[in-house]
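Colleague: I am new to this structure and would be glad of a close look at a single part of it, the sheet. Could you take me through how its strands are arranged and what lies around them?

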Amino acid sequence: LEAVRHVEHLEEHSPEADASTAACATLPLSGFKVVDFCNVVAGPACARMLVELGAQVTKVDTVQPLHSPVIMTTFTGETAVGKRSIILDASTTEGRTIVEQLVASADLIVANKLDDQLARMGIDRDSLQRLNPRAIGIQLTAHRGERRGPRHDYPGYDPALQGLTGIMMRFGREGCPTFHGIASCVDYLCGYLGTWAGTTALFARQRRLADAGR
């Protein structure tokens, strides 16, 4: 219940509280565990922000990555900061056992996968309910909304989403839209929104647990 205690601790202090004491306060997600099954930018950025909030994040990578060395090595120099890491083959019995052990002790599960991928990996909603009903899943996708649409199961990358959302219309010369610089703006915004959603759900869970214990 560290997140709840931390918030309540801050609420008890007056605006004149010692600034040095506030600076030394425990990070809000200290003591919480996260398992990161993400790749490329959006998902890893989400989990990296959870690291910055104090969570212990374990990054799970496959033994046979399907992306280029730039994505798997250079990108991780920024998005994997502060994370623990493990490389395993989740298709094997031993690998699946390790995945289940990680999930069973986690507070947050982060994955930028489609529904069928989550099911194959054993980290879909039903699997989480069986392995760890208290776990909160953060699923980052490109085209999904509250209702199922024609692009529901489409994968997506930052340049395509810049075009779909109209961001490319703001850059380039007239009649020739182009993507925004070299930064994956949609990827990072998606990741940070995932962090916000996950921490909000985690706080709600901790608040319910605190209320139930009163």
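Modeller: What follows is a walk through the sheet, then the helices that pack on it, and then a few residues and a cavity. Please keep in mind throughout that this is a predicted model.

The sheet is an open one, built from five strands that pair in parallel, and their order across it is E3-E2-E1-E4-E5. At its edges stand strand E3, residues 84-88, and strand E5, and because each of these has a single partner strand, one side of each is left without a neighbour in the sheet. Taken on average and with direction ignored, neighbouring strands of this sheet are turned by 20 degrees against each other.

Within the sheet, strand E1, which covers residues 33-36, runs parallel to strand E2, residues 56-62, and the two are joined by four bridges. Here Asp-36 is found opposite Lys-59 of E2.

Two helices can now be added to this picture. Helix H6, residues 93-104, packs on the sheet, where it touches E1, E2, E3 and strand E4 (108-111), and its direction makes about 155 degrees with that of E3. H10 also packs on the sheet, touching E4 and E5, and the direction of H10 makes about 165 degrees with that of E5.

Helix H10 spans residues 185-212 and includes Cys-190, a residue that counts as partly exposed because its relative accessibility is 26%, which falls between the limits of 20% and 50%. Apart from neighbours within four places in sequence, Cys-190 is in contact with Ala-42, Leu-140 and Thr-141.

On the way into strand E5 (136-139), the loop that follows helix H8 (125-131) holds Asn-132. With a relative accessible area of 9%, Asn-132 lies under the 20% limit and is therefore buried. Its side chain reaches the backbone oxygen of Ala-104 at 3.3 Å, and, when residues up to four places away in sequence are not counted, Asn-132 touches Val-103, Ala-104, Ser-105 and Ala-106.

Finally, there is the matter of enclosed space. The structure holds one cavity of 30 Å³ or more, and about 80 Å³ of space lies in the largest cavity. Eleven residues line this largest cavity, and the closest to its centre are Asn-39, Val-40, Lys-59, Asp-61 and Thr-76. Strand E2 belongs to this part of the picture as well, since E2, helix H4 (69-74) and helix H5 (76-79) each supply at least two residues of the lining.

Definitions and conventions:
Residues are numbered from 1 along each chain as its sequence is written. This is a predicted model: local features need pLDDT of at least 70, side-chain atom pairs count only at pLDDT 80 or more; totals for chains, interfaces and linings use all residues. Side-chain values use heavy atoms; hydrogens and water are left out. Buried means under 20% relative accessible area, exposed over 50%, partly exposed in between (1.4 Å probe, protein chains only). Contact means heavy atoms within 4.5 Å. A polar contact is a pair of N or O atoms within 3.5 Å; within protein, one must be able to donate a hydrogen and the other to accept it, and residues adjacent in sequence count only if both atoms are side-chain atoms. Two strands pair if DSSP finds at least two bridges between them. Axes are lines fitted to C-alpha atoms, for helices over the stretch in contact, and angles run from 0 to 180 degrees between N-to-C directions. On a 1 Å grid over the protein atoms alone, a cavity is a set of points where a 1.4 Å probe fits but cannot get out, and a pocket is an open set with protein on both sides within 12 Å along at least five of seven lines; lining residues have an atom within 4 Å of a point. Grid points are joined across faces, edges and corners, and a volume is the space filled by probe spheres set on the points.
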